[in-house]
Amino acid sequence: MSKRKAFVSIHECVACGCCMKVCPRNAISVPKGIYAEINKELCVGCGKCVKECPASVITLKESEE
């Protein structure tokens, strides 16, 4: 079964935390203020973080589970 999951381009992320604020599953964190990390087990692929990211560095991709 294939599901969408969010992925962050860590080298371009500005660690603003906007994505973290809109995630309904609390699947996103910004440890040490460096870049956003997404917990793949919590992510449901809703895309809210993609729409909210001001740097456009989050994408949804198909993920095999």
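Is Cys18 buried, partly exposed or exposed? I began my notebook with that residue. The model I am reading is a predicted one. I found Cys18 partly exposed, because its relative accessible area is 22%, and the cut-off for buried is under 20%.

**Entry 1: cysteines**

I searched the whole structure for disulfides and got zero. I then checked Cys18 by itself. Cys18 is in no disulfide. The nearest cysteine sulfur belongs to Cys16, and I read 3.5 Å to it. A disulfide needs the two sulfur atoms within 2.5 Å, so this pair does not count.

Next I turned to Cys49. It takes part in no disulfide either. Here the nearest cysteine sulfur is that of Cys46, 6.2 Å away. I noted Cys49 as buried, because its relative accessible area is 7%.

I also looked up Cys23. I placed Cys23 in the loop between α1 and β2, the strand of residues 28-29. Cys23 counts as buried because its relative accessible area is 14%. I took one distance from there. Cys23 and Glu52 are 29 residues apart in sequence, and their C-alpha atoms are 9.7 Å apart in space.

**Entry 2: cavities**

How many cavities of 30 Å³ or more does a search of the whole structure find? I got two.

I took the largest cavity first. I wrote down a volume of about 90 Å³. It is lined by 15 residues, and the closest to its centre are Cys23, Cys43, Gly45, Cys46 and Cys49. I sorted the lining by class: twelve residues are nonpolar, two are polar and one is charged. Two cysteines from my earlier entry turn up again here, Cys23 and Cys49.

The second largest cavity came next. I noted about 70 Å³ for its volume. Its lining has 13 residues. Closest to the centre I found Cys13, Cys16, Cys19, Cys53 and Val57. By class I listed twelve nonpolar residues, one polar residue and no charged ones. Cys16, the holder of the sulfur nearest to that of Cys18, is on this list of central residues.

**Entry 3: rings and charges**

I looked for aromatic pairs and counted zero. I then asked which charges sit over Phe7. Lys40 lies over the face of Phe7, at 4.1 Å from the ring centre. I found Lys61 over the face of Phe7 too, at 5.4 Å from the ring centre.

**Entry 4: backbone angles**

Most residues other than glycine have a negative phi. I wrote down two residues with a positive value.

The first entry is Ala15. Its phi is near 55°. I located Ala15 in the loop between β1 (2-8) and α1 (18-22). It counts as buried, because its relative accessibility is 19%. I also checked how far Ala15 is from Lys5. They are ten residues apart in sequence and 19 Å apart in space, C-alpha to C-alpha.

The next entry is Ser56. Ser56 is not a glycine, yet its phi is positive, at about 55°. I found Ser56 in the loop between α2 (48-52) and β4 (58-64). Is Ser56 buried or exposed? I marked it as exposed, because its relative accessibility is 61%.

**Entry 5: the loop before β4, and into the strand**

I stayed with the loop that holds Ser56. Pro54 is in the loop between α2 and β4 as well. I marked Pro54 as exposed, because its relative accessible area is 58%. Then I went back to Cys18. Pro54 and Cys18 are 36 residues apart in sequence, but I read 7.8 Å between their C-alpha atoms.

From the loop I moved on to Ile58, which is found in strand β4. Ile58 is buried, because its relative accessible area is 5%. I looked up its distance to Ala6. The two residues are 52 apart along the chain, and their C-alpha atoms are separated by 6.5 Å.

**Entry 6: what I keep**

I keep three points from this predicted model. The search gave zero disulfides. It gave two cavities of 30 Å³ or more. Phe7 has Lys40 over its face, and Lys61 lies over the face of Phe7 as well.

Notes:
Residues numbered from 1 in each chain as written. Predicted model: local features only at pLDDT ≥ 70, side-chain atom pairs only at ≥ 80, totals over all residues. Heavy atoms only, no water. 1 Å grid on protein atoms, 1.4 Å probe; cavity = no way out; pocket = protein on both sides within 12 Å on 5 of 7 lines; lining within 4 Å. Points joined across faces, edges and corners; volume = space filled by probe spheres on them. Nonpolar A, V, L, I, M, F, W, Y, C, P; charged D, E, K, R; others polar. Buried < 20%, exposed > 50% of the residue type's maximum accessible area, 1.4 Å probe, protein only. Phe/Tyr/Trp six-rings, centres within 6.5 Å; stacked < 30°, edge-to-face > 60°. Lys NZ or Arg CZ within 6 Å of the ring centre and 35° of its normal. Helix = DSSP H or I, 4+ residues; strand = E, 2+ residues; numbered from the N terminus.
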